[in-house]
Amino acid sequence: MNGEHDQGGMQSFGPIPRPQDEPVFHAAWEGRVEAMTMALLVAGHLGGGGVLRYAIESLPPLRYLQDGYFGRHLAGLEGALVHRRLVDPGEIRDRVERLAGGADPQRRDGDVHPPGTSGPPTRGGEPTNRRETDHPGRFAVGDEVIARNIHPRGHTRLPRYVRGHRGVITRIHPAAVFPDTDAHGMGENPQHVYTVSFDGHDLWGDTAEANMKVQLGMWESYLEAA
């Protein structure tokens with residue numbers, strides 16, 4: 001979907017500040033949001049990751065821009081779990097009211113839903129969306145490709161600023177869950193992923209920096225032969 005989250009290549013957002021010695025989490029609740037995200041991914045409640053991404057992208061634009069990284073993740077988790085009927089909106093409101101009133105957030109029976117599936121495979125304790133596929137890849141390193149000019153209503157990882165532009169395959173990766181279908185319960189549809197290199201001048205014309213190359217990981221469905 002085209003939304004406020006797709007800011008690649010856009011101007012006037014200013015430089016990204018990078019303070020020295022910045023902590024990973026600025027508050028304890030941010031760490032808990034990260035832990036919940038990892039636990040739900042490993043348990044298989046968020047598919048291959050597309051479910052959560054789509055929930056975050058579906059937030060109202062102003063809230064998306066104001067909530068910050070972990071605020072967006074928390075709202076996205078709540079929305080995804082409600083949509084998948086793992087949590088009722090009333091449960092969330094009840095817990096928020098209890099915490100706001102100073103209640104001790106003790107865990108009760110039913111607070112944590114048991115995993116419905118074995119979940120995605122893990123590697124070194126980290127969830128991964130890699131999958132096996134018996135379909136040979138369509139492209140090879142060195143092939144020229146064009147990013148498809150599509151504007152889906154649902155989730156996609158194909159950024160707007162490369163759509164319709166020509167690039168070159170520089171690396172082939174293992175097959176992975178296709179997020180565009182995974183996000184909407186339409187199956188994992190695993191397919192090959194490629195690193196595609198785009199020339200900055202092809203993307204932004206004469207205003208591009210000299211010798212700029214942009215490299216993106218792109219699923220096979222996003223690409224056409226040039």
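A nonpolar core is a set of buried Ala, Val, Leu, Ile, Met, Phe, Trp, Tyr and Cys residues joined through side-chain atoms within 4.5 Å. In this predicted model, the largest such core has 21 residues, and V162, V196, F198, M218 and L223 are the ones that touch the most other members. Strands β3 (144-147), β4 (166-176), β5 and β6 (213-219) each supply at least two residues of this core. In soluble globular proteins, nonpolar side chains tend to be buried together. To see how one member is placed, the reader can turn to V162, which, once residues up to four places away in sequence are set aside, touches A147, F198, L203, L216 and M218. A second core, separate from this one, has 18 residues, including L40, V51, A55 and V87.

One of the strands named above, β5, covers residues 191-199 and contains Q191. Is Q191 buried or exposed? With a relative accessibility of 7%, Q191 falls under the 20% limit and therefore counts as buried. A polar atom of the Q191 side chain lies 3.2 Å from the backbone nitrogen of E220, and E220 is also among the residues that Q191 touches beyond four places in sequence, together with A175, A176, F178, W219 and S221.

W219, just named as a contact of Q191, also takes part in an aromatic pair. A search of the whole structure finds 6 aromatic pairs. In one of them, the ring centres of W219 and Y222 are 6.2 Å apart and the ring planes stand at 70°, so the pair is edge-to-face; both of these residues are buried. Elsewhere, ring pairs join F25, Y69 and F70 into a cluster.

F70 leads on to helix α4, where F70 is one of the buried residues. This helix runs over residues 68-83, and its 16 residues reach 22 Å from the first C-alpha to the last, close to the 22 Å expected at 1.5 Å a residue. Its buried residues are F70, G71, R72, H73, A75, G76, L77, A80 and L81, and these pack against α1 (28-42), α2 (50-57) and α3 (61-66). Among them, R72 has its charged end over the ring of Y64, at 4.5 Å from the ring centre.

What does G76, which lies in helix α4, touch beyond its neighbours within four places in sequence? G76 is in contact with L52, A55 and I56. Although G76 and A55 are 21 residues apart in sequence, their C-alpha atoms are 4.9 Å apart in space. The relative accessible area of G76 is 0%, which means that this residue is buried, while A55 is one of the members of the second core.

After α4 comes R85, whose phi is positive, near 60°. Further along the chain is helix α5, residues 89-100, and at its start a side-chain oxygen of D88 reaches to within 2.7 Å of the backbone nitrogen of G90. The 12 residues of α5 should span 16 Å at 1.5 Å a residue, and the end C-alpha atoms of this helix are 17 Å apart, which agrees. This helix is in turn followed by G102, whose phi is positive, near 90°.

Notes. Residues are numbered from 1 along each chain as its sequence is written. This is a predicted model: local features need pLDDT of at least 70, side-chain atom pairs count only at pLDDT 80 or more; totals for chains, interfaces and linings use all residues. Side-chain values use heavy atoms; hydrogens and water are left out. Helices (H or I, at least four residues) and strands (E, at least two) are DSSP runs, numbered from the N terminus. Buried means under 20% relative accessible area, exposed over 50%, partly exposed in between (1.4 Å probe, protein chains only). A polar contact is a pair of N or O atoms within 3.5 Å; within protein, one must be able to donate a hydrogen and the other to accept it, and residues adjacent in sequence count only if both atoms are side-chain atoms. Contact means heavy atoms within 4.5 Å. The expected span of a helix is 1.5 Å times one less than its number of residues. Rings of Phe, Tyr and Trp (its six-membered ring) pair if their centres lie within 6.5 Å; planes under 30 degrees apart count as stacked, over 60 as edge-to-face and the rest as tilted. A charge sits over a ring if NZ of Lys or CZ of Arg is within 6 Å of the ring centre and within 35 degrees of the ring normal.
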